[in-house]
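The following note records points that a colleague may wish to check against the coordinates. The points are numbered for reference and may be read in any order.

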Amino acid sequence: MPETPENRDREIAAPVIDWYRSAARDLPWRRPEFHERFGAWGVLVSEFMLQQTPVARVIPRLDAWLERWPSPADMATASPAEVVQQWANLGYPRRALWLHRAATEVVREHDGTVPRDVPALLALTGIGDYTARAVAVFSYGDRHPVVDTNTRRVLARAVDGSAHPGPPSRRDLALMEAQMPVDDSAAAVFNAAVMELGATVCTARAPFCEECPIADRCAWLAAGSPATVDTRRKQAAYEGSDRQARGAVLRVLREIAPAGIALEDLLPDWPDPLQRDRAIDSLVADGLAEAGNGEIALPR
DNA sequence: GAGCCGTGGTG
DNA sequence: TCACCAAGGCT
């Protein structure tokens, strides 16, 4: 955003960055030694795990993962079964498979080095707009807008004056880009700072506006924090869902019978047998399990 | 592009 | 208590 007398008082970069320097949480992937030891691979793994899984649950699993597979080449030697087991209860286990696939793609197509270009990152399995730019920015220090649920919410409030962001769109990238400092390094800090603000202050439910470094220029606060239209899709009910059945099946395979179990012994008391069978079929279709000869097991 | 995909903490 | 929420991506 060009600095003019008109908009200078609405800029958010400087105060958000200043706030971040004193308020940032000490997270593993923000430590210099993390980058020295694991490089872009460490950032890539952390971003996969952070896709829809809270920070507190990621930290211990990330540590264990990188101890076991400190590079893409190490990861590529693992079997899908090992990967799914190591993923444990982080949720959305397809991400474990995708991370494994991405590692093999890095080895095969990029000589074992996580690529730096956003298009190359986007071409890897399981990497979308958010993760690609997060790696390019937080590992390589390049200048890109990193848009996630936090930055979308912060800008919806501060700039648009809405309590909730609208449906995801390419405009989100442009809006973030427009707020970013020109300098690469400052832009990287800004990206992290806006995410941090959304995660700890400008929260979805009950934001702590009294602690916000840009409360004096927030369009939503200035308008009296109105309840605005909420276009976010609600999550489908989990209790009784196919997802719950899939989770239950995979938990048995992970924790009790990774080498395999007779289908007739798998969750025999599940309330809906048809749903159980549906879960098995879809897990096999996703490559999260293998079935044959009346048995089911983690994929080899 | 709407629907789907886990798991657990929380107000 | 229970609906909401969490550093998304794929089909």
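**Points on the protein and its DNA strands**

1. Sorted by class, the residues that make up the surface near DNA strand B comprise four nonpolar, five polar and nine charged ones. The structure is a predicted model, and every value in this note should be read accordingly. There are 18 residues around DNA strand B, and R57, P93, R243, R246 and G247 are those that come nearest. Of the strand B atoms that come within 4 Å of the protein, sugar and phosphate account for 58%.

2. Three arginine side chains may be inspected individually at DNA strand B. An N or O atom in the side chain of R246 is 2.3 Å from a phosphate oxygen of the strand. For R243, the partner is a base nitrogen of DNA strand B, at 2.5 Å from a side-chain N or O atom. The side chain of R94 places an N or O atom 2.9 Å from a sugar or linking oxygen of DNA strand B. The elements giving two or more residues to the surface near this strand are α6 and α13 (242–255). Helix α13 has the largest share, with five residues.

3. DNA strand C is surrounded by 27 residues, and the closest are W29, L50, G128, T131 and D148. Sugar and phosphate make up 58% of the atoms of DNA strand C that come within 4 Å of the protein. By class, the surface near DNA strand C has nine nonpolar, eight polar and ten charged residues.

4. Which kinds of protein atom lie 3.0 Å and 2.9 Å from a phosphate oxygen of DNA strand C at G126 and G128? In each case the protein partner is a polar backbone atom: that of G126 at 3.0 Å, and that of G128 at 2.9 Å. At D148 a side-chain N or O atom is involved, 2.7 Å from a sugar or linking oxygen of DNA strand C. Helices α2, α6, α8 and α9 are the elements that give two or more residues to the surface near this strand.

5. The largest nonpolar core has 34 residues, of which W41, W65 and M75 touch the most other members. At least two residues of this core come from each of α2 (32–50), α3 (55–68), α5 (80–87), α6 (94–110), α7 (118–122) and α8 (129–138). Helix α2 gives the most, with nine residues. Beyond its neighbours within four places in sequence, W65 is in contact with W41, V45, M49, M75, V83, Q86, W87 and L99. Another core, of 25 residues, lies apart from the largest one and includes V147, A193, L197 and C212.

6. Helix α5 merits a separate entry. Its buried residues are A81, V83, V84, Q86 and W87. These buried residues pack against α2, α3, α4 (72–76), α6 and α13. Just after α5, A88 takes a positive phi of about 55°.

7. V16 lies in helix α1, which covers residues 13–23. Is V16 buried or exposed? It counts as buried because its relative accessibility is 1%, and the cut-off for buried is under 20%. Not counting residues up to four places away in sequence, V16 touches A193, V194, L197, P213 and I214. The C-alpha atoms of V16 and N191 are separated by 9.8 Å, although these residues are 175 residues apart along the chain.

8. R152 belongs to helix α9, residues 149–160. R152 is classed as buried because its relative accessible area is 16%, with the limit set at under 20%. Its side chain is joined to that of D172 by a polar contact of 2.9 Å. Leaving aside neighbours within four places in sequence, R152 is in contact with V147, P165, G166, P167, P168 and D172.

9. The UniProt record, an unreviewed entry, carries the annotation "domain: HhH-GPD" for residues 49–200. Over residues 49–200 the chain is 66% helix and 0% strand. The end C-alpha atoms of residues 49–200 are 19 Å apart.

Terms used. Residues numbered from 1 in each chain as written. Chains lettered and ligands numbered in written order. Predicted model: local features only at pLDDT ≥ 70, side-chain atom pairs only at ≥ 80, totals over all residues. Heavy atoms only, no water. Helix = DSSP H or I, 4+ residues; strand = E, 2+ residues; numbered from the N terminus. Buried < 20%, exposed > 50% of the residue type's maximum accessible area, 1.4 Å probe, protein only. Polar contact = N/O pair within 3.5 Å; in protein donor to acceptor, adjacent residues only side chain to side chain. Contact = heavy atoms within 4.5 Å. Core = buried A, V, L, I, M, F, W, Y, C linked by side-chain atoms within 4.5 Å. Near = heavy atom within 4 Å. Nonpolar A, V, L, I, M, F, W, Y, C, P; charged D, E, K, R; others polar. UniProt positions renumbered as here; feature names shortened; annotations may be inferred.
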